[in-house]
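Here's a quick walk through one model, with stops at the spots that deserve a second look. Have the viewer open and follow along.

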Amino acid sequence: MTSKAPQTLQQAPYAWQQPAWDQLLQSAGVDRLHHANLLAGPAGVGKLDFARHFALALVCDRFPESAPCGDCKNCQMAAGGTHPDIYMLDWLEKSTVISVDQIRKLIDQLTLTASRGSHRVAVINRGHSMTTAAANSLLKTLEEPGEGCVILLLADRERELPITIRSRCQRLAMTLPARQTALDWLQAQGVKEAAIALDVANGAPLLAQAISDAENLAEIAGLRTQWDDFVIREGSPTDLAIATATLLGTRQALSLFMQWTTETVKNLELSPPNGRSTVENNPVDRRYLCQITLALQSALRLDNASLKTQAVLEGVLADIRIIRYKNRAENAS
Ligand SMILES: [Zn+2]
């Protein structure tokens with residue numbers, strides 16, 4: 001099902017999104033907007049706000065000059081979440097995938113119903129979590145979505161999207177802002193421990209803002225050390241699971257672990273040529289980090305809602321520990 005989430009006028013485009021916004025609006029203004037757009041970038045940079053705001057602009061009466069104006073009938077309907085030409089697709093309650101049924105319904109709505117204006121817009125949030133069947137059923141629509149249809153496909157982890165999907169979309173990079181830009185924005189939002197929150201969130205401002213609401217921010221930041229210890233050295237999975245579960249929910253914890261692993265991979269990529277950084281005689285290589293990412297991804301995809309956070313984390317951390325032992329055995333032989 002598509003939902004009509006409130007499409008309020010957000011702060012989007014955020015300062016760091018202005019170039020992407022200008023680029024998109026400019027192409028739209030001269031009728032060069034691609035009908036299928038992949039907004040790719042890490043979680044917490046504001047992709048969804050950006051996409052909602054762009055959807056508003058496309059249906060606004062004053063498009064493209066001063067859209068969204070916020071005044072016209074279309075803007076008001078969109079702000080109230082009731083605009084018939086804006087379709088928001090996201091996980092259904094308790095689900096962690098975008099299903100083929102959801103995509104089929106969306107396609108029906110895009111093709112069968114009449115439009116109010118010149119554009120109709122589908123925003124598919126967390127597109128990376130489409131099932132294979134969902135992705136396959138979207139292919140044809142991505143090629144020919146119909147007159148005036150624009151699809152905005154959002155992905156935190158675009159490599160999880162099939163190449164057949166990626167190749168049909170115009171890619172728009174939604175990158176992390178420069179650190180100072182992010183700090184300025186966080187401070188303007190009244191976030192007190194902006195620097196710590198930004199570190200914990202690996203530079204993603206919206207994620208940092210969400211985390212900063214936690215009273216125990218310093219303790220969450222402390223988890224980072226424990227995580228590194230676990231990944232690189234011999235930290236205990238149980239201790240880490242217990243410490244994390246007292247501070248964070250399952251999804252939040254797994255997402256943070258994912259962010260931290262991504263950062264470690266990036267640091268490795270910056271470091272010298274053989275792709276290995278030796279920490280206390282324990283080589284941490286890209287393969288190991290990719291395996292960790294995969295383990296976290298599959299945990300994120302499972303329906304963990306009924307399980308206790310500590311149990312889920314202990315499970316995934318035990319898997320990671322096994323991966324490490326296996327790698328070490330292979331390296332030794
Ligand atoms: Zn308007």
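## A cis proline in a loop

Let's begin with proline 64, which sits in the loop between helix 2 and helix 3 (73–79). The peptide bond joining phenylalanine 63 to proline 64 is cis, with omega at about 0 degrees. Keep in mind that this is a predicted model, so everything here is computed from predicted coordinates.

## The zinc site

Which residues coordinate the zinc ion? Cys60, Cys69, Cys72 and Cys75 do the job, each through its SG atom, at 2.3 to 2.4 Å. Along the chain, the donors follow the spacing C-x8-C-x2-C-x2-C.

The geometry comes out tetrahedral, with angles of 105 to 116 degrees among the 4 donor atoms. As for burial, cysteine 75 has a relative accessibility of 2%, so this zinc ligand counts as buried.

## Strand 4 and its neighbours

Now turn to strand 4 (residues 149–155), where 7 of 7 residues are buried. In a regular strand, side chains alternate between the two faces of the sheet. Here Cys149, Ile151, Leu153 and Ala155 point one way, while Val150, Leu152 and Leu154 point the other way. Both sets are buried, so strand 4 is mostly covered, with a relative accessible area under 20% for each of its residues.

Strand 4 has parallel partners to look at. Strand 1 (residues 36–40) pairs with strand 4 in the parallel sense over 5 bridges, and leucine 38 stands opposite leucine 153 there. Strand 3 also runs parallel to strand 4, and 5 bridges join the two. On that side, arginine 120 has cysteine 149 as its bridge partner in strand 4.

## A buried arginine without a salt bridge

Arginine 120 is worth a stop of its own. This residue lies in strand 3 (residues 120–124) and is buried, yet it has no salt bridge. Why does aspartate 85 not count as a salt-bridge partner for arginine 120? Aspartate 85 is the nearest side chain of opposite charge, but it is 4.1 Å away, and a salt bridge has to be within 4 Å, so the pair misses the cut-off.

What does the side chain of arginine 120 have as a polar contact? A polar atom of that side chain lies 3.2 Å from the backbone oxygen of glutamine 109.

## Salt bridges elsewhere

The count for the model comes to 9 salt bridges. One of them pairs aspartate 49 with arginine 52, with the closest N and O atoms 3.9 Å apart. The two residues are 3 apart in helix 2 (residues 47–59), so about one helical turn separates them. Is this pair buried or exposed? Aspartate 49 is buried at 10% relative accessibility, and arginine 52 is buried too, with a relative accessible area of 15%.

Another salt bridge brings together the side chains of glutamate 143 and arginine 168, at 2.9 Å from N to O. Glutamate 143 belongs to helix 5 (residues 132–143), whereas arginine 168 is in the loop between helix 6 (163–166) and strand 5 (170–173), so the contact ties together parts that are 25 residues apart in sequence. Glutamate 143 is partly exposed, at 42% relative accessible area, and arginine 168 is partly exposed at 23%.

Arginine 157 and glutamate 160 form a salt bridge as well, their closest N and O atoms being 2.5 Å apart. Arginine 157 is partly exposed, with a relative accessible area of 21%, and glutamate 160 is partly exposed at 22%.

## Positive phi away from glycine

Two loop residues round off the tour. Arginine 126 has a phi near 50 degrees, a positive value in a residue other than glycine. It lies in the loop between strand 3 and helix 5 and is partly exposed, with a relative accessible area of 28%.

Asparagine 202 is not a glycine either, and its phi is positive at about 55 degrees. Look for asparagine 202 in the loop between helix 8 (194–200) and helix 9 (205–212). Asparagine 202 is buried, with a relative accessible area of 10%, whereas arginine 126 is partly exposed.

Notes:
Residues are numbered from 1 along each chain as its sequence is written. This is a predicted model: local features need pLDDT of at least 70, side-chain atom pairs count only at pLDDT 80 or more; totals for chains, interfaces and linings use all residues. Side-chain values use heavy atoms; hydrogens and water are left out. Donors are N, O and S atoms within 2.8 Å of the metal (3.2 Å for Na, K and Ca); water is not among the atoms, so sites may look incomplete. Four donors count as tetrahedral if all angles lie between 85 and 135 degrees; four count as square planar and six as octahedral if opposite donors are over 155 degrees apart and all others between 65 and 115; anything else is irregular. Buried means under 20% relative accessible area, exposed over 50%, partly exposed in between (1.4 Å probe, protein chains only). Helices (H or I, at least four residues) and strands (E, at least two) are DSSP runs, numbered from the N terminus. Lys and Arg count as positive and Asp and Glu as negative; His and the chain ends are not counted. A polar contact is a pair of N or O atoms within 3.5 Å; within protein, one must be able to donate a hydrogen and the other to accept it, and residues adjacent in sequence count only if both atoms are side-chain atoms. Two strands pair if DSSP finds at least two bridges between them.
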